[in-house]
Amino acid sequence: MSSVSSEGNDLNVLENQQRQQEIYKQKRILVQTKSSPSKLISKRNTKREQVKCACVNCKKSCKKCDDERPCQRCIRLNIAETCKDSIRKERKLVPSEESNLNNTLENQQQQQVLSKEKNLQVQLQRSLTWPTAEKTTKREQVKCACVNCQKSRKKCDDKRPCQRCIDLNITETCKDSIRKARKSIKREISIIRILKFVY
């Protein structure tokens with residue numbers, strides 16, 4: 001009996017070892033396939049299929065489109081009538097094209113600078129020969145506006161009644177408005193009053 005039981009135990013041990021070896025082999029294969037650099041490189045090198053121009057609906061929803069019009073997605077969603085090519089953005093320039101563009105931009109900038117200098121010279125000559133009236137004339141300002149003009153914030157003159165009040169037929173209320181005293185003057189007045197009370 002003991003010999004039969006020992007043989008059974010040996011068989012179980014052998015079966016367990018074989019199972020463990022198979023599991024180890026499977027794990028090793030999985031690890032090799034996951035971390036194999038050749039497969040990773042091939043994944044990086046493979047480029048996804050890209051359509052030259054997606055339709056308006058697919059572009060708006062950022063979904064995959066195809067070259068047919070109407071595309072399969074629009075047909076599936078029953079929006080085939082609005083399936084049209086979208087307007088593409090301008091492509092970015094290649095470095096050689098950029099250098100050409102930079103050269104042309106520099107030339108344009110130089111021409112602009114030269115034209116500005118010429119304009120300035122012309123303006124200087126004009127200012128020397130014909131003095132402009134805008135620089136010399138200053139806005140006429142009245143010392144004290146009347147009450148009506150001050151309320152409506154309109155131009156007034158020194159005559160009383162002023163021309164605006166005559167035009168509006170409100171000559172009886174056309175009087176000089178009381179000007180607010182400056183802060184410095186207010187301080188001086190308050191100091192004088194205090195001195196009067198003291199002395």
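The exercises below work through a predicted model of one protein chain.

Local features need pLDDT of at least 70 and side-chain atom pairs count only at pLDDT 80 or more, while totals for chains, interfaces and linings use all residues. Residues are numbered from 1 along each chain as its sequence is written, and side-chain values use heavy atoms, with hydrogens and water left out.

**Exercise 1. Overall content**

State how many helices and strands the protein chain has, and what share of its residues is buried.

Solution.
- Step 1: take helices (H or I, at least four residues) and strands (E, at least two) as DSSP runs, numbered from the N terminus.
- Step 2: the protein chain then has nine helices and zero strands, and its pattern along the sequence reads α-α-α-α-α-α-α-α-α.
- Step 3: sort residues by relative accessible area, with buried under 20%, exposed over 50% and partly exposed in between (1.4 Å probe, protein chains only).
- Step 4: of the 199 residues in the protein chain, 10% are buried.

**Exercise 2. The annotated spans**

Find which residues the UniProt domain annotation covers, and describe the chain over each span.

Solution.
- Step 1: the UniProt record, an unreviewed entry, places "domain: Zn(2)-C6 fungal-type" at residues 54-83 and 145-174. UniProt positions follow the numbering used here, feature names are shortened, and annotations may be inferred rather than shown by experiment.
- Step 2: residues 54-83 are 37% helix and 0% strand, with 9 Å between the end C-alpha atoms.
- Step 3: residues 145-174 are 40% helix and 0% strand, and their end C-alpha atoms are 9 Å apart.

**Exercise 3. Salt bridges**

List the salt bridges in the whole structure and say which parts of the chain each one ties together.

Solution.
- Step 1: apply the criterion, a side-chain nitrogen of Lys or Arg within 4 Å of a carboxyl oxygen of Asp or Glu. Side chains of opposite charge can pair when their charged atoms come close.
- Step 2: the search returns two salt bridges.
- Step 3: one of them joins aspartate 85 and arginine 69, at 2.7 Å from N to O. Aspartate 85 sits in the loop between helix H4 (72-76) and helix H5 (95-129) and arginine 69 in the loop between H3 and H4, so the pair ties together parts 16 residues apart in sequence.
- Step 4: aspartate 85 is partly exposed at 49% relative accessible area, and arginine 69 is partly exposed at 29%.
- Step 5: arginine 160 pairs with aspartate 176, with the closest N and O atoms 2.6 Å apart. Arginine 160 is in the loop between helix H7 (147-152) and helix H8 (163-168) and aspartate 176 in the loop between H8 and helix H9 (183-198), so this pair ties together parts that are 16 residues apart in sequence.
- Step 6: arginine 160 is partly exposed at 30%, as is aspartate 176 at 47%.

**Exercise 4. Backbone geometry**

Identify the cis peptide bonds at proline 70 and proline 161, and the phi values of asparagine 78 and asparagine 169.

Solution.
- Step 1: recall the background: most residues other than glycine have a negative phi, and most peptide bonds are trans.
- Step 2: arginine 69 and proline 70 are joined by a cis peptide bond with omega about 0°; proline 70 is in the loop between H3 and H4.
- Step 3: arginine 160 and proline 161 are also linked in cis, with omega near -5°; proline 161 is in the loop between H7 and H8.
- Step 4: asparagine 78, in the loop between H4 and H5, has a positive phi of about 60° and is exposed at 63% relative accessible area.
- Step 5: asparagine 169, in the loop between H8 and H9, has a positive phi near 60° and is exposed at 61%.
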